[in-house]
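Okay, thanks for squeezing me in. Let me put the structure up, and then I'll talk you through it.

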Amino acid sequence: MRQLSTHRRHPLAGVLVLLLGLIVAGGLYAAAAPGAARADTAEADAELVAEGRELYLTGCSSCHGQNGQGILQRAGGQYGPALIGVGAAAVDFQVGTGRMPMAQNSQQAPRKEPLYDDAETEALAAFVAAEFGPGPAIPGSEYYDLSGVSEEDISEGRELYLANCSACHNASGIGGALGGGRYAPTLEGVEGVHFAEAMITGPQNMPVFSDEVLTPDDKRHIYASLREIQAEPASGGFDLGGVGPVGEGLAGWVAGIGALVGFAVWIGKHSVRAGKQ
Amino acid sequence: MTTHGSHPAGSEGDEHDGRDSTANVPAKPRHTGERVVLRTGGDPVADPGLGEHEPRPTDVDPAAEKRAERQISLLFATSALLTLAFCVAYFAIPRDAVLFGTSALNLALGVSLGLALLLIGIGAIQWAKTLMDDHEMVEMRHGSASSEEDKAEALAAFEQGAEESGFGRRSMLRGTLLTSLGVLGLPAVVLMADLGPLPGNAPRTTVWAKGVRVVNDITGEPLRPDAIQLGQLVNGQPGVFYEIAEGEEHPEYEGTELLNAKAKASVVVVRMLPDEITNAGSAAKGVDGILCFSKICPHLGCPISLWEQQTKNLICPCHQSTFDLADGGRVVFGPAKRAVPQLELGLDDGGYLIAMSDFTEPVGPSFPEMYQD
């Protein structure tokens, strides 16, 4: 004890105490927080919804309307679609992948760095689910948990992927063009929960793939096959973005044959002479 | 041309008026040290001729020549070693080994064989450029027609043959020979029967019929209307591809027959709000806004399932034909010439979606005969 008190004015003592305090506080929170939440779910939910309402009114209502009814333009278009019945899954997908809020009005909201952190996204999702009518909830890990997925499951997932997804997202999941400037985005680096949410809610122009037609198991197998494809090494060397024969042909004709022509010209131009003899 | 005009050879030619200068062409235009001037009469621009030949280091220095020979041999020998390395790599490197994020086997095979071929090419060019004779030479053009005597001789030989064989005289021989040769063309026509039976009614019909269930592709699950949400896309198939009749071990269609049937019968099932459907006739063929269209593009037969649920457009990935499924599959963009065919839906006793008939028009690419009736 005496030793402690002699060192209490050491320059690093403050840092040490702060660290210790943080660790204890963090540990206590981790140990207590879930229990506390379970102890009083209703109150926590109400708090979450209230927080979400505040975030919504500040950041979303100017386009989606204060009651989530959407705002129509005089010309017939809309600033933002109605959010009635979209559910927590749609909010978690749109906000969690950074698609919402949109940076600008365009054909399509692209994936970008999320503006809201996880807690804020959760609050927004809770608010929209609670206030704007029931909709799909955020899917659980049964949609994307890859432990215990067998080779057969991956194979079946691949078949389902090719039948349902590859037309837009490309056989390699690299994405592709649609009409009028719209496109199917790449599936590279998409988190499991967002993958499941996109299939359930059909964001933007993507169709819905309901659980009754493609069961959570089917979706998990599709996700597993997607991860399998993405983990494969590019056996052909440069995959040129994996967009298929167009990119490869272009590279072959322009870069490959161009280099050969340049090489041939170089050969023809250069030769060493000994000078006058 | 101005640089050529100012060239010493050009100024020399100018003095000659350009008429008699053909005399300057030596009988053997191989380089002899002085400038060769090639000209035809009346050429307004003097022919600059060939530049003076400059020897290469390998022409004048025996050591350089020896060195070049060694270099080229080294290129060829390295190429041979790389080809052997290709053979070794083929067996030695495991198929699933990974190097630099790519297949180690593919990398080794590609690099070794590619370099082997490249080195042979570089060696050959180096040989030609450093060691082979590189004197510029001129080869004059010559007429390619045969001489008059040769022509007359050939003609005489032909006439003699015709006379001796009696081809002109013996008309029966001539007739039977020509007939036998002509008939030889028949097998080529007859063998075409092997190109298959005539398609008959096959391009106009599919396996869809009244009562055939619409099921999900791959899983074969039958579909109830309440399973299909607004904005949903289902890639559908006729249930007969999956249902196994009593006493049978397999579905009715298998193998090639299944693929052929599938190529015509694939459908997409979509759902929209009933008031979003602008075509009343098309809406009447659906169930509560659930519509079923052929998945085969009526342009060239690609599978179309790029479904934009907000614009209600179905897009073909091959040539961007775009169909408005809210308006009976009308073509709104692209090279397709007719709407994508719609399959009339109904419900069976179990509440599952079924077809009410086969497609009422041919699915897939249009063909001339479909416009004949």
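I'll go through confidence, then each chain, then the contact between the chains.

So, up front: this is a predicted model. For the complex, the predictor reports an ipTM of 0.76 and a pTM of 0.72. Chain A has a mean pLDDT of 86, with 94% of its residues at 70 or more. There's a weak patch in chain A, though: residues 35–39 sit below 50, and in the model that stretch has one contact beyond near neighbours in sequence.

Chain B comes out with a mean pLDDT of 87, and 88% of its residues reach 70 or more. Where in chain B is confidence lowest, and where is it highest? The low end is helix H1(B), residues 2–5, with a mean of 40, and the high end is strand E6(B), at 97. The pLDDT is under 50 over residues 1–29 of chain B, and the model gives that stretch 39 contacts beyond four places in sequence. As a general rule, coordinates with low pLDDT should not be read in detail.

Right, chain A. The domain assignment splits chain A into domain 1, residues 41–138, and domain 2, residues 141–233. Their centres, taken over C-alpha atoms, are 24 Å apart. Domain 1 of chain A puts 14 residues into the contact between them, and domain 2 of chain A puts in 13. On the domain 1 side of that contact, you've got seven nonpolar, five polar and two charged residues.

Now a helix pair in chain A. People usually describe two packed helices by the angle between their axes and the distance between the axes. Here, helix H5(A), residues 87–96, packs against helix H6(A), residues 118–131, at an angle of about 145 degrees, and the axes are 8 Å apart. The crossing of H5(A) and H6(A) is right-handed.

Which residues meet there? From H5(A) it's A:Gly87, A:Ala88, A:Val91, A:Asp92, A:Val95 and A:Gly96, and they meet A:Thr121, A:Leu124, A:Ala125, A:Ala126, A:Val128 and A:Ala129 of H6(A). By class, the residues of that contact are eight nonpolar, three polar and one charged.

While we're here, look at the loop between H5 and H6 of chain A, where you'll find A:Pro101. The peptide bond from A:Met100 to A:Pro101 is cis, with omega near -5 degrees. Most peptide bonds are trans, as a reminder.

On to chain B. Its domains are domain 1, residues 57–130, and domain 2, residues 203–371. The C-alpha centres of those two domains lie 57 Å apart.

There are two sheets I want to show you in chain B. One is an open sheet of five strands with antiparallel pairing, in the order E3-E4-E5-E6-E11. Its edge strands are E3(B), residues 214–216, and E11(B), residues 342–343, and each pairs on one side only. Inside that sheet, E5(B), residues 267–271, pairs with E6(B), residues 290–294, antiparallel and over five bridges. If you want one pair to click on, B:Val268 has B:Phe293 in E6(B) as its bridge partner.

The other is an open sheet of four strands, also antiparallel, in the order E7-E8-E9-E10. Why does one side of E7(B) and of E10(B) have no neighbour in the sheet? E7(B) and E10(B), residues 330–333, are at the edges with a single partner strand each, so one side of each is left without a neighbour. From one strand to the next, the twist averages 30 degrees.

Within that sheet, E9(B), residues 322–324, runs antiparallel to E10(B), and three bridges join them. B:Thr322, for example, has B:Phe333 in E10(B) as its bridge partner.

One backbone oddity in that area: B:Lys312 is in the loop between E7 and E8 of chain B. Its phi is near 60 degrees, so to speak on the positive side, and it's not a glycine.Last thing, the contact between the chains. 41 residues of chain B are in contact with 30 residues of chain A. Several elements of chain B each supply at least two residues to that side, including H3(B), E2(B), H5(B) and E4(B), and E7(B) and E8(B) are also among them. Which element gives the largest share? That's H5(B), with five residues. Broken down by class, the chain B side has 17 nonpolar, 17 polar and seven charged residues.

That's my tour, happy to take questions.

How values were computed. Residues are numbered from 1 along each chain as its sequence is written. Chains are lettered from A and ligands numbered from 1 in the order in which they are written. This is a predicted model: local features need pLDDT of at least 70, side-chain atom pairs count only at pLDDT 80 or more; totals for chains, interfaces and linings use all residues. Two residues are in contact if their C-beta atoms, placed from the backbone, lie within 7 Å. Ala, Val, Leu, Ile, Met, Phe, Trp, Tyr, Cys and Pro count as nonpolar, Asp, Glu, Lys and Arg as charged, and the others, Gly among them, as polar. Domain bounds come from an automatic or database domain assignment. Two strands pair if DSSP finds at least two bridges between them. Axes are lines fitted to C-alpha atoms, for helices over the stretch in contact, and angles run from 0 to 180 degrees between N-to-C directions. pLDDT is the predictor's confidence in each residue, from 0 to 100. A crossing is left-handed if the near helix is turned anticlockwise from the far one by less than a right angle, and right-handed if clockwise.
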